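The following exercises introduce a protein model to a reader who has not met it before. Each task is followed by a solution in steps.

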Amino acid sequence: TVIAMGVAVIASACACWLLQVLAYLLRPLVTATGAALLLRPLVDFVSDAAYQRETLRRNRLRVCCPRVFTVPRIVAIVFALVVVCAVFGTLVWALYLGRVYFLVHWNDPDWNSRFTTRINDLGRSMSEMAKRVFKKDDVAEEAWARLLANIETTLKDEEFWETLGVGVFHYMQDIMLMLFYTLFLLAPRRELSRARSLVARRIHKATRRFVSIMVQIAVVRALSVGSLLGLCGVPWPLAIAVAIVSFWLFFIPTLGSIVASILPLPMIVLLPDLTERQRVAGSIIPNLVSFLVGDLIGPVVYRKGLDLNEVTVLLALVFWYSVWGAAGAVLGVPLTCALKIVLEEMPHEGAHALAAVMAPVQSGTAVDGADAASAVRVPMTLTFIAWLKRTCGRLFKPSGMTQPRPRADEEALLAESSSDSE
């Protein structure tokens, strides 16, 4: 067992090194693979007459659309990529809404005067607060002057602009490579589901389930945040812009929620036409509702929909973010889910034990005889120690005691895949 653990640690270190070294190739490749899995049904529907006919029949839309209309596959691929660019273009539209609102109101002398008065009031309040805390008269002025000097120095620094340009170039390189990979992954024609392996079918199903869960949770949170900000007095163009940006941030687990909570605060503080009650309500109520939906209901949905426990999701986020940055934070959960599926299909007891550690404990069912009383778990923050104990107990069991995790839905998955391919 000690030798096996040592080999596993060395192999993990080598894998992390390879992931970091080959990040410029693997990041766009993994992203393109996920995009191809999601776009393939659209491409097949537009370019394959048999698949389009079967999809309409399965969804009971054949009466409304008695005839099928198809285009060449390359045209369907270009159409799918245009749809993706249009969806991502909503982020640019949100930034445009905010820019137009501030430009229009900045040219209004009355609004400009109220905005300047608000800034001066905030400056005086901060100066008085600093005077009471530090017992000096010019602390706020010195801090403001130092901040302006640092900003001016940074903007005049050539190294800053060089680093910014290199970063933008790397992101554009990733986007171009992703589009290139996606084009070639979508080029082959549709194959029957029964021709693919069980691992590929399970990963495909898990990826689509993950995207469906993320989209539903992000839509609910974004609509809640935008509508509540508008009801709290924030102008509706700015509320819509914040909702759209928050929708994309919510795809990054944990970190995106923190950024989305901080995003509207400067706007709420600086807008001149809001009352104090509206400022307090706009700062607390949308974030509270977003927290309830995303951080309390979200982990439960992840646990049931992806068959991963909360600790595994958190550790996956930390690991993949440390390896691939922001792209790793988005791709971490589906990659971990795919890894768990591969471990479940490997004919090795250690792989089955590790997959069982990543899976959630089923409420009301005993994992072991000693764990029967602890099958029903409480939230993640109170179960980390219990999770570690259960992990150690499963990984260090004597050989022969670890059984593969049962898959009750395997027959349903095979039946569903077969029906999709007909």
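A residue is called buried under 20% relative accessible area, exposed over 50%, and partly exposed in between (1.4 Å probe, protein chains only). The model is predicted, so local features need pLDDT of at least 70 and side-chain atom pairs count only at pLDDT 80 or more, while totals for chains, interfaces and linings use all residues. Residues are numbered from 1 along each chain as its sequence is written, and side-chain values use heavy atoms, with hydrogens and water left out.

**Exercise 1. Salt bridges around E344**

Task: Determine which residues are joined with K340 and E344 into one network by salt bridges that share partners.

Solution.
Step 1. A salt bridge requires a side-chain nitrogen of Lys or Arg within 4 Å of a carboxyl oxygen of Asp or Glu. The structure holds 11 salt bridges.
Step 2. One of them pairs E344 with R202, and the closest N and O atoms are 2.8 Å apart. This pair links distant parts of the chain, since E344 belongs to helix α14 and R202 to helix α8, 142 residues apart. Helices are DSSP runs of H or I with at least four residues, numbered from the N terminus. Both E344 and R202 are buried.
Step 3. K340 also forms a salt bridge with E344, with the closest N and O atoms 2.5 Å apart. K340 and E344 lie 4 residues apart in helix α14, about one turn of the helix, and both are buried.
Step 4. Through shared partners, R202, K340, E344 and E345 are joined into one network.

**Exercise 2. A pair within one helix**

Task: Classify R279 as buried or exposed, and do the same for E276.

Solution.
Step 1. R279 and E276 form a salt bridge whose closest N and O atoms are 3.9 Å apart.
Step 2. The two residues are separated by about one helical turn because they stand 3 residues apart in helix α12 (residues 276–306).
Step 3. R279 has 7% relative accessibility and therefore counts as buried. E276, at 52%, counts as exposed.

**Exercise 3. The nonpolar core**

Task: Identify the helix that supplies the largest share of the largest nonpolar core.

Solution.
Step 1. A nonpolar core is a set of buried Ala, Val, Leu, Ile, Met, Phe, Trp, Tyr and Cys residues joined through side-chain atoms within 4.5 Å.
Step 2. The largest such core has 28 residues, of which F247, F251, L306, L308 and V333 touch the most other members.
Step 3. At least two residues of this core come from each of α4 (73–106), α8 (198–231), α9 (236–249), α14 (326–345) and α15 (349–358). The largest share, 7 residues, is supplied by α8.
Step 4. As for α15, 7 of its 10 residues are buried, so this helix is largely enclosed by the rest of the structure. Among the buried residues of α15 are H352, V357 and M358.

**Exercise 4. A nonpolar surface patch**

Task: State which helix gives the most residues to the nonpolar surface patch.

Solution.
Step 1. Such a patch consists of residues with over 30% relative accessible area and no salt bridge, nonpolar side chains (Val, Leu, Ile, Met, Phe, Trp, Tyr) being joined within 5 Å.
Step 2. The patch includes W144, L155, F160 and W161, and its members together have about 1000 Å² of accessible area, calculated by the Shrake-Rupley method with a 1.4 Å probe.
Step 3. Both α6 and α7 supply at least two residues, and α7 gives the most, with 6 residues.
Step 4. F160 lies in helix α7 and is partly exposed, with a relative accessible area of 32%.

Note on methods: Patch = residues over 30% accessible without salt bridge, like charges linked within 9 Å, V, L, I, M, F, W, Y side chains within 5 Å.
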